[in-house]
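Please keep the sequence and the coordinates side by side while reading. The paragraphs that follow go from one chain to the interface and then to a single pair of helices.

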Amino acid sequence: MTEMPETEIQTNFAAAKAPAVETSLRRFISDFTENRIAVCALMVLLVVVLIAVFAPLISPQNPYNLAEIDIMDGRLPPGSASMSGMTFWLGTDDQGRDMLSAIFYGLRISLGVGAMSGFIALCLGTCIGLAAAYFGGRVDTVIMRLVDLQLSFPAILIALMLLAILGRGVDKIVIALITVQWAYYARTVRGSALVERGKEYIEAAHGLALGKVRIVFRHLMPNVLPPLIVVGTVQVAHAILLEATLSFLGIGVPITKPSLGLLIFTGFEYMMSGKYWISFFPGIALLITIVSINLVGDQLRDVLNPRLQR
Amino acid sequence: MSVFIIRRLIQSSLVIVAMSLIVFFSVNVIGNPVDILINPEFDQEEMDRAIKALGLDLPIWQQYLHFVKNAFQGDFGRSFVFGESALKLIIQRVPATLELAFTALILSILIGIPLGLFAGLRPDSPVSKTIMGGSILGFSLPTFWVGIMMIMIFAVVLGVLPSTGRGETVTILGIRVSFLTWDGLKHLLMPAVNLALLKISLVIRLTRAGTREVILQDYVKFARAKGLSDRRVIFVHVLKNILIPVITVIGLELGNLIAFSVVTETVFAWPGMGKLIIDAIQLLDRPIIVAYLMIIVFMFVTINLVVDILYSVLDPRVRLQDIKA
């Protein structure tokens, strides 16, 4: 047992030479692709995002350009042709808009609002959570009391209360969604940062007399990212769903910027006369988006959970 | 124990005071009450008189004290739309909301626990996988959209269930309830199932996770080793032990159900307090909005307080931890 087999030395050498980031990234990718459903979900999600980004380029018509729509085409069932010969694959709404185009544009608003509020809430929550964990003591107590207090109220209720006071609008719903979400991020970050803070590398950083800001953002933050990513994906799905719900209730986005939720609301009144497609298809689009985000989130949680690390 | 309760009571009152400040100032400072409360066709002299009558010329902190004093007497002003006391209008709607929420709660327990138990006992069977897949769907489905689709299928296409309202009601102890008449039950079924869907998924997941944990415990192994029948092991030893956490979580979810009933009530035109607030927001009926916000905060603070106290009774560690902190 004194001599190592040559091949093993070589593999060890190769492993040592490859940059650490790349190997962990590679492992992450191979772990993630183990679950075929999650890979499919990720691809679906990518398609949804691409549709949202390029909606103006790929939509059959611009549903909010009055010159392109004709009220005579209103409430046509899926597959019917317009006065000008265009086919409405998913039917039209009461104004004669092509539903497919309306859904593409709606996705843009739904995803945009969800992603933007999620991102701002993530930044805000991370900073607050890091501050709570790093400073501890009274700062920590006050912040966590506030977090606990907020989490004891259902998210929809807080959003409802805020919008009741602020009124409707894209900026207002983003504010409401940020207010609802920051606490989840703060709690997650604080939890993992408390664990990380006690580790030796932070002590070493202190020993090197690095500045507080540098320690928190360069050393502590990268190590609390994995759980944050998991919470982030789930929260974005929640945010999109919540926005749709609030818009459906008529207190979310304004009529000039219809998200998927507002499209479903528009179709609701035609439901009773059997015109299902105005509500049905936007709902399917919403469902596909939410399910794919949740499936990707589930797999991310499994892959990034250190307790399940193989 | 009493120290713990007193501390929690003080904290809860602080939350209510803070919320009353936030609600009062956001309604009165962000929005201008003069525009909202006074007829815009008044001339300057009439306007001044009206401002004086409403106490709007007083410093803001005096106005706040006035608001608090009135709130304690149950006076949140009159609804602009209905012309009745805002508080009374809301209180009238509370039973309908509670009936819906409790029915949904019971449904989620009755459906969720058996399915979750099955999925936990036979994790690899295709039926369990279907149940778990369904529960993911339950989390992802937008409640309001499912409600619309239910109306589409059961009310429009099949025509077997009514789509809106409460139906025939019976008065018991001065409270109108739907679930005692056949017509009322038919009206209650769809909204309750709709509201329960999310919770059913939650109960399934909790029960499954609990079952999988409990069946590995020594006492279950011992019960099996003693030669007890499967039925007895499952229904006595396993079920009893998973019920405690599941019921606790479900109890906590009651508040959530009340909050979410806003959505279901809007879809099914169920005349509860959620429908009232949505209508009030759309019509800018401020007294109703303020009264609703204060009542809902009070309700949730009370629910949280009760839950905290119950927890500390059931689990002394919570109490001790709080005293240490």
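Among contacts in chain A between residues at least 6 apart in sequence, what percentage join residues at least 24 apart? The share is 68%, in a model that, it should be said at once, is predicted. Chain A holds 12 helices and 2 strands, and their order along the sequence is α-α-α-α-β-β-α-α-α-α-α-α-α-α, with the two strands following the fourth helix. Of the 310 residues in chain A, 42% are buried.

The confidence of the prediction deserves attention before any detail is read. The average pLDDT of chain A is 81, and 89% of the residues score at least 70. Residues 1–19 of chain A, however, have a pLDDT that stays under 50, and for this stretch the model has 2 contacts beyond four places in sequence. Where pLDDT is low, the predicted coordinates should not be read in detail.

Two helices, one from each chain, can be considered for their burial. Helix 9 of chain A, which spans residues 200–207, is hardly covered, since the count of buried residues among its 8 residues is 0; just after this helix, Ala209(A) takes a positive phi of about 60°. In helix 11 of chain B, by contrast, the buried residues include Met273(B), Leu276(B), Ile277(B) and Ile281(B), and Lys275(B) is also one of them. Helix 11 of chain B is followed by Leu284(B), which has a positive phi near 55°.

We now turn to the interface, where 31 residues of chain B are in contact with 30 residues of chain A. On the side of chain B that touches chain A, the elements giving two or more residues are helix 1, helix 6, helix 7, helix 10, helix 11 and helix 12 of chain B. By class, that side of chain B has 23 nonpolar and 8 polar residues, and no charged ones.

One pair of helices across this interface can be followed more closely. Helix 11 of chain A, residues 260–271, packs with helix 7 of chain B at an angle of about 15°, the axes lying 11 Å apart, and the two helices are therefore roughly parallel to each other. The crossing of helix 11 of chain A with helix 7 of chain B is left-handed. From helix 11 of chain A, Ile264(A), Phe268(A) and Met271(A) meet Trp145(B), Ile148(B), Ile151(B), Met152(B) and Val156(B) in helix 7 of chain B. This contact between the two helices has 8 nonpolar residues, with no polar and no charged residues.

Definitions and conventions: Residues numbered from 1 in each chain as written. Chains lettered and ligands numbered in written order. Predicted model: local features only at pLDDT ≥ 70, side-chain atom pairs only at ≥ 80, totals over all residues. Helix = DSSP H or I, 4+ residues; strand = E, 2+ residues; numbered from the N terminus. Buried ≥ 20, exposed ≤ 12 C-beta atoms within 10 Å, placed from the backbone. Contact = placed C-beta atoms within 7 Å. Nonpolar A, V, L, I, M, F, W, Y, C, P; charged D, E, K, R; others polar. pLDDT = per-residue confidence, 0-100. Axes fitted to C-alpha atoms, helices over the stretch in contact; angles between N-to-C directions. Parallel < 35°, antiparallel > 145°, perpendicular 65-115°, else oblique. Left-handed = near helix turned anticlockwise from the far one by under 90°.
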